[in-house]
Amino acid sequence: MFSYRHAFHAGNHADVLKHAVFVHILRHLNLKPAPYWVVDTHAGAGVYDLASDWAVKNGEFADGLDRLLDGEPVPPLIEDYLDEVQRCNADGIANFYPGSPWLALHSLRERDRLRLFEQHPSEADVLRRNLRSQGRPAQRQVTVYEADGFEGLKALLPPPTRRGVVLIDPSYEDKTDYRRTLNALREGLKRFATGCYAVWYPLVPRREPQELARSLEHLGCGDWLHATLTVRKPAADGHGLHGSGMFVVNPPWTLHAQLQQALPWLRDKLALDERAAWTLTGSQDAAAQAGMTGR
Ligand code: SAM
């Protein structure tokens, strides 16, 4: 069993990108009355106390969420995300950070369902406790599986509602996570081709993330978009993230334009050095490029 605890990283630049995109997808699903499922293959603890020893140890939120809270105007994608952070903090101070289970739970309507996988026993305990503290809807609509999310995903697809989003957000502490992420997406698409899938991955100075990004773009999964946010140059000792990526299959049609506006703003806001950058590509750009080169 690995030692990863998301509490050390809660609210960092990677969470900002991942959760801003996730909130947009959830809000988009809520635009139509038809019920949906949210499957979170790597759920974590659900919500994080930013004053806890773990969160304070690295203080990563200081260079993430905290930098967005200076009262300056923000792009709409970030405004929606900050609204959710605020909803998680009734007293108006960002003491708690909402993880993906919290964001999903608070988006659900009566007929929507949430399925959460968390393999780490103590993290799963904290997740169940955090969900219980949210009250009645959590118990009725949510199932927590203390199990391997890569394995468990297959059995849940397609969801009975034939509408939904799958978040695949491993820690990549185990290098096989890169391969397993790709396989999970490939298998998922065979069962539920119209589903929205959001895959997060870290930008670290290793070949695996680059290979994963390339493989995702060449998976042939129809409509996709791919955003990256880099905040600094890669660390000389190879430790830590210098950025992260989100690959979204069957994204809401509004997401590309929202990211186009938000990413340069995030780059400026979260930059730690002159190497801060962003990218945004999509299946439409790839198709246009293939057309231009005659492929
Ligand atoms: N999705 C969460 C969020 O956005 O708030 C953060 C998840 S964190 C990056 C990854 C989590 O996956 C950790 O809590 C870890 O214990 C758990 N984990 C690791 N391997 C797993 C597996 N194979 N299946 C399910 N959970 C796993």
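Start by selecting helix α8 in this predicted model. The face of α8 turned away from its buried side carries three exposed residues: T176, N183 and K190. Colour them, then keep the helix on screen.

**Stop 1: helix α8**

Helix α8 runs over residues 176–191. Its 16 residues reach 23 Å from the first C-alpha to the last. The expected figure, at 1.5 Å a residue, is 22 Å, and the helix comes close to it. Now pick out the buried residues of α8: D177, Y178, T181, A184, L185, G188 and L189. They cover an arc of only 125° around the axis, which puts them on the same side of α8.

What covers these buried residues? The cover includes α7 (149–156), β6 (164–168), β7 (196–203) and α9 (207–217). Show these four elements in separate colours and rotate around α8.

**Stop 2: the loops around β6**

Select the loop between α7 and β6, where P158 is found. A cis peptide bond joins L157 and P158, with omega at about -5°. R162 lies in the loop between α7 and β6 as well. Its phi is near 55°, a positive value in a residue other than glycine. Is R162 buried, partly exposed or exposed? With 13 other C-beta atoms within 10 Å, R162 is partly exposed.

Move on to the loop between β6 and α8 and select Y172. Phi of Y172 is near 60°, again positive in a residue other than glycine. Y172 counts as buried, with 22 C-beta neighbours inside 10 Å.

**Stop 3: helix α1 and the core**

Select helix α1, residues 13–29. How many of its residues are buried? The count is 15 of 17, so α1 is mostly covered. From its first C-alpha to its last, α1 reaches 25 Å. That is close to the 24 Å expected for its 17 residues at 1.5 Å a residue.

Now widen the view to the largest nonpolar core, which has 83 residues. The residues with the most contacts inside this core are A20, V21, Y48, Y197, A198, V199 and V248. Which helix gives the largest share of the core? Helix α1 does, with 10 residues. In soluble globular proteins, nonpolar side chains tend to be buried together.

Zoom in on V21. Leaving aside neighbours within four places in sequence, V21 is in contact with A198, M246, V248 and L255. Two of these partners, A198 and V248, are also on the list of core residues with the most contacts.

**Stop 4: helix α5 and N130**

Select helix α5, residues 121–132. Its 12 residues should span 16 Å at 1.5 Å a residue. The end C-alpha atoms are 17 Å apart, which agrees. The buried residues of α5 are E123, A124, L127, N130 and L131. Seen down the helix axis, they fall within an arc of 125°, so they line one face of α5. Turn to the face away from that buried side. It carries the exposed residues P121, S122, R129 and R132.

Return to N130. Why does N130 count as buried? It has 20 other C-beta atoms within 10 Å, and 20 is enough for a residue to be called buried. Beyond its neighbours within four places in sequence, N130 is in contact with A45, G46 and V47. Next, draw a distance from N130 to R109. These two are 21 residues apart along the chain, and their C-alpha atoms are separated by 19 Å.

**Stop 5: the end of β10**

Select strand β10, residues 277–282, and find G282 in it. G282 is partly exposed, with 19 other C-beta atoms within 10 Å. Not counting residues up to four places away in sequence, G282 touches W224, L225, H226 and H256. Add V249 to the view. G282 and V249 are 33 residues apart in sequence and 9.6 Å apart in space, C-alpha to C-alpha.

**Stop 6: the ligand**

Finish at the ligand. How many residues surround the ligand? There are 20, and the closest are H42, G44, G99, S100 and H120. Colour the shell by class: 5 residues are nonpolar, 9 are polar and 6 are charged.

Definitions and conventions. Residues are numbered from 1 along each chain as its sequence is written. This is a predicted model: local features need pLDDT of at least 70, side-chain atom pairs count only at pLDDT 80 or more; totals for chains, interfaces and linings use all residues. A residue is near a molecule or strand if its C-beta atom, placed from the backbone, lies within 6 Å of it. Ala, Val, Leu, Ile, Met, Phe, Trp, Tyr, Cys and Pro count as nonpolar, Asp, Glu, Lys and Arg as charged, and the others, Gly among them, as polar. Helices (H or I, at least four residues) and strands (E, at least two) are DSSP runs, numbered from the N terminus. The expected span of a helix is 1.5 Å times one less than its number of residues. A residue is buried if 20 or more other C-beta atoms lie within 10 Å of its own, exposed if 12 or fewer, and partly exposed in between; C-beta atoms are placed from the backbone. The arc is that of the directions from the helix axis to the C-beta atoms. Two residues are in contact if their C-beta atoms, placed from the backbone, lie within 7 Å. A nonpolar core is a set of buried Ala, Val, Leu, Ile, Met, Phe, Trp, Tyr and Cys residues joined through C-beta atoms within 7 Å.
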